Amino acid sequence: MPKSKIAGIGMYVPSQVVTNNDLTQYMETSDQWIQERTGIQERRFAHRTDETTTTMAVEASKIAIERAGITAQDIDFIVFATLSPDYYFPGCGVLVQRALKMKEIGALDVRNQCSGFVYALSVADQFIKTGMYKNILVIGAEKHSFGLDFTTRGRNVSVIFGDGAGAVVLQPTEAANKGILSTHLHSDGEAAEILAMYNPGTHANYWADKNYASFNDALIGDMFMSHDMIDNAQNFPFMDGPSVFKKAVVKFPEVIVEALTANGKTAADIDMLIPHQANLRISQFVQQTLKLSDDKVYNNIQKYGNTTAASVPIALCEAWEAGKIKEGDLVCLAAFGSGFTWASALLQW
Ligand code: UT7
C-alpha cells in the first residue's frame, strides 16, 4: 500500500497587518495583556470586500500545486477545512474547484475548527492509501476578521484570531522513509458549547432546555438568526478560554505521544513539532512536557494570531521555507480546539 507524501505546500496571508495597539481603538485591551497571555504581537486581516476565505485558499493552493509540479487540472479531490466559509452553504471546496477551473472532481468540506486541517489531511491520506486518488488538494483557510466582536464585550476572543490560508498537495509514494506514517483523530462533545458559535444554527429549542444558550421563545422565524440574537451578540463566537486552555495542555501532549508510540518513536525522535497556533503559552507548555528544544517546535502565532484551520499548514509552510524542515525529518502536526476535537499526524518529510 502506498503512503501519502506532501508533494507541494503553499500559504497566503493578507497584507494588512493589525497590531495589538491597533485593537485598542476598538476595545479596552493592551499590547501587554495580549502578549503576556497569548504571545500574539500582530495578526493579518483580509481586505473587507476583496478577500474571502476562498480567495486566500486559492492563492495558497496555486503555490502548493506549482511546487508539486502539477497543474490544477491534475487535482482529483479537494478537502477544505474552515469554520469561516464564504457561504453558510455550499462549502468552500466547490468555490476552489470553480476558481481554479478544475475538472468536475469531488470537493469535501471539513468542519473541525482548530483541528480541521489535521482531520482533512487524515481524510485525504486514506484516499491516497486506497489508491482512489493521486493528487489531493488539502486546504485550511479562515477569514475570522469578518465576524468577531471587536468591542470590550468580545475582547477575550477577538484579540486572538487572524486570517490566512495554507494548502498542501498529497500524492502517493512508495519510498520507505517518506510520507505520512499515521494520523490520530479524537473528539469529546461533552464541552461542545464552551467554544462555539451558536448562530446561525438549528439548536433553538433543544439547547434552550439545556440552558446552554439563551434566546426568546423560539418562533419559526427565530431559528436561524433574529434581531434579538444580534442585539445580544449571539452571532459571535463564544469561548470559555480558561477551560479550553486546561483541556488543551492535556490533550496536545497526549495525542502527540499517541502518534509517536504508534510508530515506535519517542519525543526525542521529533525533528519538528508544528502545533496548532492557539496560544504561545500552550505551545510552550507542550514543549516543556515533551522536553523539546526550541529549534524543534515552530511557532508563528506572534505574527499571525490564531488562524484556526489555517494555522498548521501556514506554520508548516513557513518552517519548510525557512529551511527548518529537511528531507527525511520526522515532523509531528498536532491540533486541539472546538468540539472538543484534537488530532495529530506523524510524517517523514
Ligand atoms: O484555537 C482554539 C482553541 N482556543 C484556545 O486554545 C484558547 C485557550 N485559552 C486561552 O488562550 C486563554 O484562556 C485566553 C488567552 C483566551 C485568555 O487568557 P486567560 O489568562 O485565561 O484570561 P481570562 O479569560 O481568565 O481573563 C483574565 C482577565 C479577566 O478580567 P478579570 O475578570 O480578571 O477582571 C478578563 O476580563 O483578563 C480580562 N480580559 C482581557 N483584558 C484585556 C479578557 N480578555 C482581555 C483582553 N484584554 N483582550
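**A ligand between two domains**

The ligand lies between domain 1 (3-173) and domain 2 (179-192 + 238-348), because both of them give residues to the shell around it. The model is predicted. The space that the ligand takes is the second largest pocket.

The shell can be described by its residues. There are 22 residues around the ligand, and those that come nearest are Thr29, Arg37, Cys114, Asn279 and Asn306. Sorted by class, eleven residues of the shell are nonpolar, seven are polar and four are charged.

The shell can also be described by secondary structure. Four helices each supply at least two residues to it: α2 (31-38), α6 (155-158), α9 (241-262) and α10 (280-289). Of these, α9 gives the most, with four residues.

Polar contacts come next. Thr29, listed above with the residues that come nearest, has a polar side-chain atom 2.7 Å from a nitrogen atom of the ligand. Asn279 also places a polar side-chain atom 2.7 Å from the ligand, in this case from an oxygen atom. At Gly241 the contact is made by the backbone: an N or O atom of its main chain lies 3.0 Å from a nitrogen atom of the ligand. As for surface area, the ligand taken alone exposes 950 Å², and the protein buries 73% of that.

The backbone has some features to check, beginning with two cis peptide bonds. One joins Phe89 and Pro90, with omega at about 0°. Pro90 is in the loop that runs between β4 (77-81) and α4 (92-99). The peptide bond from Gly339 to Phe340 is cis as well, and its omega is near -15°. Here the second residue, Phe340, lies in the loop between β12 (330-337) and β13 (341-348).

A further backbone feature concerns phi. Lys101 is not a glycine, yet its phi is positive, at about 50°. This residue is found in the loop between α4 and β5 (106-110).

To return to the ligand: its shell draws on both domain 1 and domain 2, and the polar contacts described here involve side-chain atoms of Thr29 and Asn279 and a backbone atom of Gly241.

Key:
Residues numbered from 1 in each chain as written. Predicted model: local features only at pLDDT ≥ 70, side-chain atom pairs only at ≥ 80, totals over all residues. Heavy atoms only, no water. Near = heavy atom within 4 Å. Polar contact = N/O pair within 3.5 Å; in protein donor to acceptor, adjacent residues only side chain to side chain. Areas by Shrake-Rupley, 256 points an atom, 1.4 Å probe, with all protein chains shown as cover. 1 Å grid on protein atoms, 1.4 Å probe; cavity = no way out; pocket = protein on both sides within 12 Å on 5 of 7 lines; lining within 4 Å. Sits in = over half its atoms within 2 Å of the grid points. Nonpolar A, V, L, I, M, F, W, Y, C, P; charged D, E, K, R; others polar. Domains from an automatic or database assignment.
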